[in-house]
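Here's a quick briefing to read with the structure open beside you. We'll go topic by topic, starting with a question about a pair of strands.

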Amino acid sequence: MRTGADTQEDTGPGSERTEGAKPPRPGLVVIFSGGTPLLRPVGLDGGRVMLGREDVGGQPLPDDRVSRLHAEVGRDPGGWSVTDLNSRNGTWVDGVQVTGRRTFTAPRTLRVGNTVALFTEDVRRFEVSGVTTGPEGVRGPALRAVLERVALAAAANEGVLITGESGTGKELAARAYHRAGPHARGRFVAIHCAAVPAAVVERLLFGSKRGAEAGVEGYLQAADRGVLFLDEVGGMAPEVQAKLLRVLETGEVLALGASLPRPVDVRVCAASLRDLSGAVAAGQLRADLYARLARCEVHLPPLRERLEEVPWLLAQAMDAGAPEMHASFVEACLARPWPGNVRELLGEAKRAVREAQARGAGTLRAEHLALGAGFPLSSEDVTPFIGFRGAPVSVELDLAGVMPDRAAVEAALASQEGRVSEAARMLGLDRAQLSRLMRRWGMASDSEE
């Protein structure tokens, strides 16, 4: 059984593939307790599990706010059930407090006391592979499975194409490719192709032997016996694509203005936000270059598919003087879709710390997270995500990124059957803020509270 202390050891390549054809084992994965990230899978053997301070997953929890007998969680063909056992500090599912017994179709998070767990239909992958932390960052089971594929491609001297949303860790994967292959002793050189003007990219890549910049070494020469990382390779000009392909085929680079090529031994790792096969079909990327770069193609899952990493990432964002994290802060971060993924989460967590410190708070709580943090900023960025109650909800913020629009409020209220407090939690607001919006739009308020 893995706890916060024993998740620091990697289980090595292939650890994700030991499940065979056994049926899934539903359960919980405790990811935060008593101010500390951890990872502890708890299977629902017999369809039920009792949660209490002295025994969760066969071990005590480091959380004195969990009662001795706190809650019971069950799973049957009809869904999940959660029963609060008259606990001292309460039980919450997706931000909504549970009194007595409640049933849920697709819950996401469970909070008992100052502890947070994820519902999962199969705990087995967490039993064989935990969360590791180190100089290379935070790696949960899903991310590590991808990085294992990257390492195998590097060892085989194959090029790799990495796809994934912004902020998912494409450069982290590229650096893993560099460390794992025979070119690890050489330099790791990165260029963001789409951010550099086309007239400059050619000189940066191939170097120059003419004009005022005669003798300038290009990135390909600098990466000799190392790895060149081409971020957003689909944004490269066609003439540069042709020259790069020739370098990959011949192992020689011809600098601008030079008469003789120079041999280079370089491995190329490319990355893109989008599916490059579409760019090939649209004539934006050469098919032969794509074939060279994508001999091994891997996709980095977004943060919303790697939720077990969130507490560890938040802990990395905490400075020495930061307040202790409360479970409500972790829970609020887990509930948001984070279109900017890890990069956005870390930035907003640091902003929340500054907010808490400015208020003189001793604990970092959900209210210290900015209202718009983790939500799309405009309709162009809106993507469906699972709300607090498991219902698909699209939350659209105005360009200031501070408040949801009327359609989002109406959708949240409908999914919560008109309960204002629960809809407010889903939207990342407090009840007073949502009530003000409802009054502004002439929407009737409930009288449940």
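How many bridges join β3 to strand β4, and which way do the two run? There are four bridges, and β3 and β4 (residues 71–76) run antiparallel. Keep in mind that this is a predicted model. With that said, here's the tour.

**The protein as a whole**

- The secondary structure adds up to 14 helices and 21 strands.
- The protein has 449 residues, and 52% of them count as buried.
- If you take the contacts between residues at least 6 apart in sequence, 64% of them join residues at least 24 apart.
- About 19600 Å² of the protein is exposed, with carbon and sulfur atoms supplying 50% of that area.

**The antiparallel sheet**

- The strands β3 and β4 belong to an open sheet of four strands, which goes β3-β4-β5-β8 with antiparallel pairing.
- At the edges you'll find β3 (48–51) and β8 (101–104), and each of them pairs on one side only.
- On average, neighbouring strands of this sheet are turned by 15° against each other, direction ignored.
- For a landmark on the β3 and β4 pair, look at Met-50, whose bridge partner in β4 is Glu-72.

**The parallel sheet**

- Another open sheet has five strands, this time with parallel pairing, in the order β12-β13-β16-β11-β17.
- Its edges are β12 (188–192) and β17 (296–299); each has a single partner strand, so one side of each is left without a neighbour in the sheet.
- Going from one strand to the next, the twist averages 20°.
- Helix α2 (residues 141–155) packs on this sheet, where it touches β11 (160–163) and β17.
- The direction of α2 makes about 165° with that of β17.
- Within the sheet, β13 (residues 227–231) and β16 (residues 267–272) run parallel and are joined by five bridges.
- One spot to click on here is Phe-229, which stands opposite Cys-269 in β16.

**Helix α9 and its surroundings**

- Helix α9 (residues 310–317) packs against helix α11 (residues 341–359) at an angle of about 50°, and their axes are 9 Å apart.
- That angle makes α9 oblique to α11.
- The crossing of α9 past α11 is right-handed.
- On the α9 side, the contact is made by Val-310, Leu-313, Leu-314 and Ala-317.
- On the α11 side, the residues making the contact are Val-342, Leu-345, Leu-346, Ala-349 and Lys-350.
- How much of α9 is covered? Most of it, as six of its eight residues are buried.
- The buried ones in α9 are Val-310, Pro-311, Trp-312, Leu-313, Leu-314 and Ala-317.
- Besides α11, the cover over these buried residues of α9 includes β1 (27–33), β2 (36–43), β18 (324–325) and α10 (327–334).

**Two residues in the loop between β19 and β20**

- His-368 sits in the loop between β19 and β20.
- Is His-368 buried or exposed? It is buried, because its relative accessible area is 4%.
- Leaving out neighbours within four places in sequence, His-368 is in contact with Arg-351, Ala-352, Glu-355, Ala-356, Arg-359, Ala-361 and Thr-363.
- Leu-371 is found in the loop between β19 (363–364) and β20 (385–386) too.
- Leu-371 counts as partly exposed, because its relative accessibility is 24%.
- Follow Leu-371 across to Leu-427: the two are 56 residues apart in sequence, with their C-alpha atoms 8.4 Å apart in space.

**Leu-285, in the loop between α7 and α8**

- Leu-285 lies in the loop between α7 (276–281) and α8 (287–293).
- With a relative accessible area of 4%, Leu-285 is buried.
- Which residues is Leu-285 in contact with, leaving aside its neighbours within four places in sequence? They are Val-233, Gln-241, Leu-276, Ala-279, Val-280 and Tyr-290.
- Leu-285 and Ala-237 are 48 residues apart in sequence, and C-alpha to C-alpha they are 8.6 Å apart in space.

Technical notes:
Residues numbered from 1 in each chain as written. Predicted model: local features only at pLDDT ≥ 70, side-chain atom pairs only at ≥ 80, totals over all residues. Heavy atoms only, no water. Pairing = 2+ DSSP bridges. Axes fitted to C-alpha atoms, helices over the stretch in contact; angles between N-to-C directions. Contact = heavy atoms within 4.5 Å. Buried < 20%, exposed > 50% of the residue type's maximum accessible area, 1.4 Å probe, protein only. Areas by Shrake-Rupley, 256 points an atom, 1.4 Å probe, with all protein chains shown as cover. Parallel < 35°, antiparallel > 145°, perpendicular 65-115°, else oblique. Left-handed = near helix turned anticlockwise from the far one by under 90°.
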